[in-house]
Amino acid sequence: MNSAVAAPAWKIDLKIAGVLALAAALATAGLFPYLLQLMPEKLARIPLPLPLLVTVQSLQAFVLLGALSLLGLRMGHRLGLGAPLLRRWLGGGQDSAQRPAPLQAILLGSASGAVVLLCAQWIDPWLPTMINPPQATAAGMSAFNGLLASFYGGIAEELQLRLFLMTLMLWVVARLRRRLPGNAAFHVAIVLAAVLFGVGHLPAAAQLWGLDAIVVLRTIVLNALVGCVCGWLYWRRGLEMAMLAHFSADIVLHVLAPLPGAGAP
């Protein structure tokens, strides 16, 4: 009986992972116009023709993020985490208590983006002088390129940080304790994944300012603000709502009111 139940679950998980992998590959390709505008000289130094570079990076995202998505989906069954909308649309029914709320996700994501903007306006005067100023300023950035880049954050980063990493943390806790994690464990996992999301942006910040304490604090805290919102939505509303919130925050940051140059977190 267990194998008869497990086989359809694997099949649906593979379908969902395939859809997410394709979305991640397209989002990766869509990021390049933004990167070309922001750092054309760095891309020019890469010894590959641009079309080949885009293809290689997109295929890599397809394989890697597809695999991470499948692992996250499999682990999420035990925790009540997953992608309820995709599961329902692909014939998997409803296997969790997560109830998607698109308007809530958009509002929370947009609000978190606005908070990041306000905090950055207060913190940025304290930052050191840029050692490698970006080649495009806010006034010169294309809103359309910012829109394309927002899909990468909303899709690829959520697959890495929420569907895989946050789920992995909670799955390990469940295995060690031999029971489902409580609310406190979810809260800790949300914060840890959000902080690691901020840490992942430190190399880019270091290229701009170096790694002074204020730079590290700004980078981690501002990114973690968005990460905590997305983590809570992933827990309560499903992966798609975390993606929608992250996308909405990036729209505020990179389309409606982009931070100066590459100063956006």
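A crossing of two helices is left-handed if the near helix is turned anticlockwise from the far one by less than a right angle, and right-handed if clockwise. I keep that at the top of the page for the helix entries. The model I am reading is a predicted one.

**Entry: α7 against α9**

I started with α7 and α9. Their crossing is right-handed. The two helices pack at an angle of about 140 degrees, and their axes are 7 Å apart. That angle makes α7 oblique to α9. I then listed the contact residues. On α7 they include Phe186, His187, Ile190, Val191 and Phe197. On α9 they include Ile220, Asn223, Gly227, Trp232 and Trp235.

**Entry: α8 against α9**

I stayed with α9 and turned to its packing with α8, residues 202-209. The angle is about 140 degrees, with the axes 10 Å apart. Here too I noted a right-handed crossing. From α8 the contact uses Leu202, Ala205 and Trp209. From α9 it uses Val215, Val216, Arg218, Thr219 and Ile220.

**Entry: α5 against α10**

Next I looked up α5, residues 102-123, against α10. They pack at about 40 degrees, and 7 Å separates their axes. So α5 is oblique to α10. I logged the crossing of α5 and α10 as right-handed. The α5 side of the contact includes Pro102, Ala105, Gly109, Gly113 and Leu117. The α10 side includes Met241, Leu244, Ala245, Ser248 and Leu253.

**Entry: aromatic pairs**

How many aromatic pairs does a search of the whole structure find? I got two.

I took Phe151 and Phe247 to begin with. Their ring centres are 4.7 Å apart and the planes stand at 45 degrees, so I class the pair as tilted. Phe151 belongs to helix α6 (residues 143-177) and Phe247 to helix α10 (residues 239-256), so this pair ties together parts 96 residues apart in sequence. I also checked the accessibility of Phe151. At 35% relative accessibility, Phe151 counts as partly exposed.

Then I took Phe186 and Trp235. The centres of these rings are 4.9 Å apart, and their planes lie at 10 degrees. Planes under 30 degrees apart count as stacked, so this pair is stacked. Phe186 sits in helix α7 (residues 183-199) and Trp235 in helix α9 (residues 213-237), 49 residues apart. Are these two residues buried or exposed? I find Phe186 buried, and Trp235 buried as well. Both residues also appear in the α7 to α9 contact.

**Entry: arginines over rings**

I searched for charges over ring faces. Arg74 lies over the face of Trp10, 4.1 Å from the ring centre. The charged end of Arg162 sits over the ring of Phe197, at 5.8 Å from its centre. I had already met Phe197 among the α7 residues that contact α9.

**Entry: two loop residues**

Where does Gly92 lie? I placed Gly92 in the loop between α4 (84-89) and α5. With 31% relative accessibility, Gly92 counts as partly exposed. The C-alpha atoms of Gly92 and Ile12 are 6.0 Å apart, although 80 residues separate the two along the chain. Leaving aside neighbours within four places in sequence, Gly92 is in contact with Ile12 and Arg87.

I closed the page with Arg178. This residue has its place in the loop between α6 and α7. Its phi is near 60 degrees, a positive value in a residue other than glycine. Arg178 has a relative accessible area of 73%, so I record Arg178 as exposed.

Terms used. Residues are numbered from 1 along each chain as its sequence is written. This is a predicted model: local features need pLDDT of at least 70, side-chain atom pairs count only at pLDDT 80 or more; totals for chains, interfaces and linings use all residues. Side-chain values use heavy atoms; hydrogens and water are left out. Rings of Phe, Tyr and Trp (its six-membered ring) pair if their centres lie within 6.5 Å; planes under 30 degrees apart count as stacked, over 60 as edge-to-face and the rest as tilted. Helices (H or I, at least four residues) and strands (E, at least two) are DSSP runs, numbered from the N terminus. Buried means under 20% relative accessible area, exposed over 50%, partly exposed in between (1.4 Å probe, protein chains only). A charge sits over a ring if NZ of Lys or CZ of Arg is within 6 Å of the ring centre and within 35 degrees of the ring normal. Axes are lines fitted to C-alpha atoms, for helices over the stretch in contact, and angles run from 0 to 180 degrees between N-to-C directions. Angles under 35 degrees count as roughly parallel, over 145 as roughly antiparallel, 65 to 115 as roughly perpendicular and the rest as oblique. Contact means heavy atoms within 4.5 Å.
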